[in-house]
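Grab your viewer and work through the exercises below. Each one sets a task, then walks through a solution.

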Amino acid sequence: MPVRRYAVLGDYLAANRHAAAEYDDVELELVEGALPSDLVGTLLRNGNGRFEHHGVAYEHLFDGDGMVARFQFDGQRVRYRNRHVQTAELVAEEKAGRMLYRSFGTNLPGGLRANFGKTQFKNTANTSLVAHGGQLLALWEGGLPHRLDPDTLATLGRFDYEGVLRNPFSWLDRRITPELPFSAHPKVHPTTGVLHNFGTVAGRQHRLVLYEVSPAGQARIAHVLPMPAATFAHDFVLTQSGHQIFFLTPVAFDVLRALTGLASPAASIRVGRDQPTQVVVVAPDGQAHHLTTEFGFVFHFVNGYQDADGTLVADALLLPDYPDTLSIKAYLSGYLPDDQTQARFVRFRLDLTRGTVTRQPISDYEGELPEINPDRLGQPYRYTWIIGRPPHHSLPLLDHLLKLDVQTGEVRVAYQPGTLCSEPVVVPQPAAPGHTPPPEDAGYVLYLRFDATSNCTELLVGDAATLVTIARLRLPHHIPLGFHGIWLPDEVGGLH
Ligand SMILES: [Fe+2]
């Protein structure tokens, strides 16, 4: 299929090819507007901190070693610090001066000879962050979290919740997956404060493992469900009613090909386009319900909840197909196919009594990296903030910032041609005791923006309701836009 090079994407990749320098709490230059005095707290973002290592270009967007960026807002200034996550693998590679580990989508240079039998993969710690149970963790869905010092962002090492994330299954299972994966999309229940998360665990028997972590930080394995394949699942839905929803799509790793080194895990993925997606719902009583829906792939859910009639709603960004490794490699050279199809907003309704799944499109806009008002997690909600692409946009890039009303389909857009935006993180206006709760879209939206002409990445503070820019600040350098971030208001942000 025809591919074309897109200058803004090529410039972005070139600007962030090498590991960024680290800064220590420098004050960012305000270049437009004024910082709101009530915007007090910390934005933390994680992402791929580079696109090559020791001269070897990563072949997958998910492979760059993690880098955490911190922005501390005090109502007048923003202080900025960034640190590369010092995983054991990165430290060993830096010492050796060459790439030593295979990663999700990148085999070692040298073909099968260099990769044969290399069963240890790099934990890039690059996908997201969570602050819960007294810990600040950098997350990667293929392995253990890494604990970070919340003051310095120094890496304190792999974290296994006192052994809970050590593989408890058979000897062979442990050989295949020694450490249980802990996904990068944990969710904290809005009422109980319990953190729920999952891992897809490849083994002699593939398993979906569900975890719970108490507000005090005590973890346990809550459920173990067998899976027929080593399914690739990135996100899930947690509802306030306590239902957990998983889409096990027919997109699965060929574990033998990946482990032997014949292919990277990403390149080993097989897609069963003629097979349905298995929808697994774990109810609050622990019972697992198994439903099916047509083929499609979901990286991210927007939100989900139980409706008044008992139906479960799961809003997803649905891809018509899983993106193949060749198109991702082309993307990393700045190229995109002309007919690039991105994910679309789809509302799934799950009726556990009838065993049915129905779907309804929410919008013609395409998008990825959706955020919501965090106070609406697991409950009926109205808005999502996301990077996206309007219908008929001339570029196949998700280069717009969108705010979508999921009830009416109405969209607001912020767009600056020649730029790319990060995932927008929503800072809701706090509810005042004894007063009517503020509107769901009252507050701020924080995001990074790449602009090749400015020679440095910008941090934007937008009005969450209108997307109008309130303040624009300049970082001292370019950093990758990354994957996921969190906002820690001061009262819960202090981890000590
Ligand atoms: Fe994600």
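A donor here is an N, O or S atom within 2.8 Å of the metal, and water is not among the atoms, so a site may look incomplete. Keep in mind that this is a predicted model.

**Exercise 1. The iron site**

Task: find the protein donors of the iron ion, work out their spacing in sequence, and classify the site.

Solution.
- Step 1: pick out the donors. They are His 185, His 234, His 300 and His 484, each through NE2, at 2.0 to 2.1 Å from the iron ion.
- Step 2: put the donor residues in sequence order. The spacing reads H-x48-H-x65-H-x183-H.
- Step 3: see what one pair does. His 234 sits in the loop between β17 (230-231) and β18 (237-238), while His 484 belongs to strand β37 (residues 484-489), so this pair ties together parts that are 250 residues apart in sequence.
- Step 4: check the exposure of that pair. His 234 and His 484 are both buried.
- Step 5: look at the angles. To count as tetrahedral, four donors need all angles between 85 and 135 degrees. Here the angles among the four donor atoms span 92 to 159°, and the site is irregular.

**Exercise 2. The nonpolar cores**

Task: locate the largest nonpolar core and say which strand gives the most to it.

Solution.
- Step 1: start with the core itself. It has 37 residues, and Phe 232, Phe 246, Tyr 322 and Phe 345 have the most contacts inside it.
- Step 2: trace the strands. Those supplying at least two residues each include β15 (206-213), β16 (219-227), β19 (244-248) and β28 (356-371).
- Step 3: name the top contributor. That's β24, with four residues.
- Step 4: don't stop at one core. A second, separate core of 36 residues includes Phe 51, Phe 71, Leu 446 and Leu 448.
- Step 5: zoom in on Phe 345. Leaving out residues up to four places away in sequence, Phe 345 touches a list of residues, among them Val 302, Leu 317, Ile 362, Ser 363 and Ile 386.

**Exercise 3. From Phe 345 to Ser 363**

Task: is Ser 363 buried or exposed, and what does it touch?

Solution.
- Step 1: place the residue. Ser 363 lies in strand β28.
- Step 2: read the accessibility. The relative accessible area of Ser 363 is 8%. The cut-off for buried is under 20%, so a value like that qualifies. Ser 363 is buried.
- Step 3: list the contacts. Apart from residues up to four places away in sequence, Ser 363 touches Arg 344, Phe 345, Leu 404 and Val 411.
- Step 4: check the polar side. A polar atom of the Ser 363 side chain lies 3.0 Å from the backbone nitrogen of Tyr 365.

**Exercise 4. An open sheet**

Task: give the strand order of the open sheet that holds β19, and find its edges.

Solution.
- Step 1: the order of the four strands is β18-β19-β22-β23, with antiparallel pairing.
- Step 2: the edges are β18 and β23 (288-293), each of which pairs on one side only.
- Step 3: take the β19 and β22 pair, which is antiparallel over five bridges. Phe 246 faces Val 280 in β22.

**Exercise 5. Two covered strands**

Task: show how β14 and β10 are covered, and find their pairing partners.

Solution.
- Step 1: count buried residues in β14 (residues 195-201). Seven of its seven residues are buried.
- Step 2: sort β14 by direction. Leu 195, Asn 197, Gly 199 and Val 201 point one way, and His 196, Phe 198 and Thr 200 the other. In a regular strand, side chains alternate between the two faces of the sheet.
- Step 3: find the neighbors. β13 (residues 187-188) joins β14 antiparallel through two bridges, and β14 pairs with β15 in the antiparallel sense over seven. Asn 197 has Tyr 211 in β15 as its bridge partner.
- Step 4: repeat for β10 (residues 135-139). Five of its five residues are buried, so this strand is largely enclosed by the rest of the structure.
- Step 5: add the β10 partners. β9 (residues 128-132) pairs antiparallel with β10 over five bridges, and three bridges join β10 to β11 (residues 146-148), also antiparallel.
- Step 6: inspect the β9 and β10 hairpin. Two residues lie between the strands, and Gly 133 takes a positive phi near 60°.

Notes
Residues numbered from 1 in each chain as written. Predicted model: local features only at pLDDT ≥ 70, side-chain atom pairs only at ≥ 80, totals over all residues. Heavy atoms only, no water. Donors = N, O, S within 2.8 Å, 3.2 Å for Na, K, Ca; no water. Tetrahedral: all angles 85-135°; square planar, octahedral: opposite > 155°, others 65-115°. Buried < 20%, exposed > 50% of the residue type's maximum accessible area, 1.4 Å probe, protein only. Core = buried A, V, L, I, M, F, W, Y, C linked by side-chain atoms within 4.5 Å. Contact = heavy atoms within 4.5 Å. Pairing = 2+ DSSP bridges. Polar contact = N/O pair within 3.5 Å; in protein donor to acceptor, adjacent residues only side chain to side chain.
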